[in-house]
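Me: Please take a close look at one part of this chain and tell me how it is put together. Start with the strand pairing, then follow the surrounding pieces outwards.

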Amino acid sequence: MSGGDDAEDRAAALAALREQLRDALGRKGLTRKDIVARSAVAGTPLGATTISQALNSSHPAPSWRTVTAVAGVLGADESTLGQLRELWLRTQPRPDAPRPPALTDTSTSTGPSTVRTAGPALLEVHQAPHAPPATDADPEAGATAGSTGAARAANPFLTPYLPRPHDDELERALGPALGGTASAFAVLTGDSSTGKTRALFEALHRLAPNRPLWRPTNAAALADLLDTGDLVPGAVLWLNESQRFLYGDRSEEAAAALRELLMTRTGITAVGTLWTLPYWEDLTRPAVDADPRSQVRALLQAPVTHRVPVPAGLTASERSRWERLADASGDRRMTRAVGAGAADGRVVQHLSGGPGLLAAYRMGPGAHFTHAEHALVTAAVAARQLGHYPPLSEELLTRAADAALPPHLRPAEPDWARDALTALTTGVRADGRRTDIRNTLTALVAVRATSGGAASYEPADYLHQSLLAAQDLPETTPALWDALTVCTTDAHALSVLSMEAQRRNFLKQAVILLRRAVVAGYPVSWTQLLMLTPQEVRARHDMALWMADNLASESLLTAIMQLWDLHGEGPDVTARLAARVVSRVDITNAEDVARLFGVLRELGHEKLLLDLDPGARVQPADGIGAYALLGRLVDEGYTEPAARLADRLLSHGTSLGNARASLALLRALHVCAHRPEEWEALSWQAAHHADLSDLHAALDLADELREAGRTKAACLLADRIAEAAEPEDTKGVASLMYELRCLGMTSACRRLAERAVPEVALEDPEAVGWLLDELHSAGLDDWADTMLDRDHLEDLVIGPVTATVLLLWSFQGIGREDLARRLVLSSMPLVQADEAEHTSEFLDALAVFGSRQELTDFARRAVEEVPLSCIPSVGFLIRSLRQHEQPEALDRLAARAIDAANPLAASSFLDLPRMLRERDLDAHAQALIERATGHPELADAITYTNLLKHLREAGEAEAADRFEATLPTTRGTAPAPPRTPHRARSPYGLETDGTPARPWTWHDLNPPPAHTAPPPRPGW
């Protein structure tokens, strides 16, 4: 799991933990002040600040000790405590995996090629038709054309280049990477044949003509290149037609590796091109269910990636500049192109011959293209439109084209398809006649993974995009669907084809394609397959067993998600998948083994992993991972493998400088009652040398030493922790004082007070109050008095009411009513009423210490400022306003709450009428109900029914009965239109020819052919 993913998971768990605690607090009707009082009675005294920080979202996660104390006061049962424990554990940071060693710069003066040596033809820059006349360009034209002089001298088929605004934007994007201060991935997006590749070539030819240039052919080749470490500062990565690298096998691996490289190193330049539609939009669209393109999307949305849009047409001023450049250069190709594109501004497209190719295709078979050639091109365009974005195999195109040809027009030659594909990609038939346009643009493009390797094919971009824009795409045929089903090997393409088949109600075809996507390695979820398969044909248990046998996973995290996905389908299903996952895990990788062990333990299949004896096989050098595994083994009671692993760690000469590692090892020896003769020495070594940078781990280690009876070592470590604290950090000191106090480390608490009290900052009221609470609870009232002698009220920064009230409670808790009075009166003009419950507490204090006028003024201001998002908290403020006889403010607060409530949303409506009734504000409750029943959005039966339900749930039965008597039709609801009769839809879907499918079952589907599955790779 990435660091970002781990942080998001911990944040979500912390939010859920706090929500559960706040819900329990609301159900009990208790204030935070009530919790303070009850915790003292229960023998687990908690300060008001500690409780507030445990419940408020702006603070770090509370300690487990705090959570259990709050839960105990709230009367949580064992089940609830277990849920809280699980959530709290998920809030704790995962130990960092060992960082890989820094890459070594192995760059040389030359790479595999350069932009200059590769040239435009090899880099797939479109060649304009016909060679230009051999005349020198006008010097002024050369200046206008930017860097075209040197480029055209070496590459005479290039026309002069007209720079446009996107060229300047591209140069700005590449500048820092070429200058060595950053890395960048510049992606030019736009329509087909708009000059994207030419713009990249011109920019690099001008700015970096002799840089090492790497040109992988597909995603797998890119992944292999990144794995070698050959991409070093100064290198350029050429990813023209970037869809070749962002779809297909290993595309996620390649995208993740490229993103990491660009984010962690400087001086690396990557460039690419993509159509805006469909590629850029498809690859950057957030996932709805499974997220198979998460790494690709992360790359394209990373800060190092710079998208540069390329316009489809020239502006009027650009056309004028183009004409001047054409006249100055004498290049007739530019003159013809600007004339052909005068109407729509699509000059660059005409330069490449795109419109001519479209016209040739639209002539139909037997004109420019033979019947066989036309059938092959049609199959390629149709397959691309259905979602097969990777290049198409010869077998696939041959199958589809052969079936589309009438019997009397089918060629007799056995190699007819290969000959036709060669003619379509080279532009020349065997008899010398041409298939290309102006000796330049071909209908198909051949793509090879390696030189001399088998070719696969793509339709010309301009042809596909033009047919798509004109909604003139060829019809798909059953033969094409069959060819795609049999011959497609790319996992993502199979998934996309399955979704397209489902959209067309070809349900059997959709299930077959999705099954093949599973076998090919696509991360299909169990729910996805189950929902796709019609209810009438499901064999749920057999389907789950099939998934367990065929699911592929690119990482351990994916495998774990799949285990959870299937765990409800029976123990045999989970056991079968778990066995496959265990067979792939690297048993020497302690971190992976620890993570998998935790999951298998919850599923009841940990024995599959323990049978491999991981304690004897993981690498002790993987310190963090090994100690994590050791802790899990101890937690689950597997003392024998834990003892074996502890022996190996000790024999490896493990240093006890890492506090978390020391904690795991000493706890294991203690729980397993293993090697007791070494406990004393190891305890002192850990206490003396444990690194204190991880404060929580150091405190946990001190707690473990204390629990194991090593009190002196625990005290030594606690004293070291107190000495290492930052005395100016008020919250940090208070938090540490709390932890040391809970451990019973009185001397360490006093030492911490001695160091911190003279220097601690006294600006944050909440932090000051927290520290006062802890000093008082630790019996250090003398140091609390010393801190108060600094007259800290002068330094306080008054802001949110919560912080001010917490300090107020602290003063009252130590009996300093004089300071409480000063605080309330001095902060009253400045305090922000940003939370209702603490605003009510401040109002109560102001009633004691302030005048009647001050009370009224604050009440009026508070009811205008206080948020209304938490109805129970608003109830506390209403109680205080009634108690202190503030009817005007009370009416205003109730009116605001009524206006803010949405009667159509249960979350904002259900609690409000009940709370108003409980506070004897019946008139306001009635006003709320009248406003709800007259809501202008109650114009249909659904909202009407929802409001009726909310009224009953809020306890307003009488109002609900009156409201129910009002029919929806009297509220302006138009009568429903008469239903038109329709034919029942077959649960089995349609055949690919559009006829109703005959009944079929899961067991009728043929197993996927072996060639759709990628060769298995060990590990992840």
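Reply: S393 stands opposite S456 in β8. The two strands involved, β6 and β8, run antiparallel and are joined by two bridges; strands count as paired if DSSP finds at least two bridges between them. Strands here are DSSP runs of E with at least two residues, and helices are runs of H or I with at least four, numbered from the N terminus.

This is a predicted model, in which local features need pLDDT of at least 70 and side-chain atom pairs count only at pLDDT 80 or more, whereas totals for chains, interfaces and linings use all residues. Residues are numbered from 1 along each chain as its sequence is written, and side-chain values use heavy atoms, with hydrogens and water left out.

The pairing belongs to an open sheet of three strands in the order β6-β8-β7, with antiparallel pairing. At its edges are β6 and β7 (444-448), each of which pairs on one side only.

Next to this sheet comes helix α21. Within α21 (residues 394-404), L396, L397, A400 and A401 are buried, that is, under 20% relative accessible area with a 1.4 Å probe and protein chains only, where over 50% is exposed and anything in between is partly exposed. Viewed down the axis of α21, the buried residues fall within an arc of 110°, so they line one face of the helix; the arc is taken from the directions from the helix axis to the C-beta atoms. An α-helix has 3.6 residues a turn, so residues three or four places apart point the same way. The buried residues of α21 pack against β6 (392-393) and β8 (455-459), and also against the helices α20 (371-386), α22 (416-426) and α24 (478-487); contact means heavy atoms within 4.5 Å.

One of those helices, α24, holds T485. T485 counts as buried, at 6% relative accessibility. Its side chain reaches the backbone oxygen of W481 at 2.7 Å. Apart from neighbours within four places in sequence, T485 is in contact with Q509, I512, L513 and R516.

On the other side of β6 in sequence, the loop between α20 and β6 carries Y389. Aromatic pairs are rings of Phe, Tyr and Trp (its six-membered ring) with centres within 6.5 Å; planes under 30 degrees apart are stacked, over 60 edge-to-face, and the rest tilted. The count by this rule is eight aromatic pairs. Y279 and Y389 make an edge-to-face pair, with 5.2 Å centre to centre and 80° between the planes. Because Y279 lies in helix α14 (residues 276-284), the pair with Y389 ties together parts that are 110 residues apart in sequence. Y279 is buried at a relative accessible area of 0%, and Y389 is buried too, at 12%.

A second edge-to-face pair is that of W546 and W1002, whose ring centres are 5.7 Å apart with planes at 80°. W546 is in helix α28 (residues 540-550) and W1002 in the segment after α54 (957-964), so the pair links parts of the chain 456 residues apart. Both of these tryptophans are buried. The charged end of R515 sits over the ring of W546, 4.9 Å from its centre, and also over that of W1002, at 4.5 Å; for arginine this needs CZ within 6 Å of the ring centre and within 35 degrees of the ring normal, with NZ taking that role in lysine.

To return to Y279 and Y389, ring pairs join them with Y247 and W275 in a cluster. Helix α14 also contains P278, which is joined to L277 by a cis peptide bond with omega of about 5°.

W275 leads to strand β4, where both faces are covered: T269, V271, T273 and W275 are buried on one side, and A270, G272 and L274 on the other. Seven of the seven residues of β4 (residues 269-275) are buried, so the strand is largely enclosed by the rest of the structure. Strand β1 (residues 184-190) runs parallel to β4 and is joined to it by seven bridges, with F185 as the bridge partner of A270. Strand β3 (residues 236-239) also pairs with β4 in the parallel sense, over four bridges, and W238 stands opposite V271.

In the loop between β3 and α12 (243-246) is E241. Its phi is near 55°, a positive value in a residue other than glycine. E241 is buried, with a relative accessible area of 14%.

Notes:
Polar contact = N/O pair within 3.5 Å; in protein donor to acceptor, adjacent residues only side chain to side chain.
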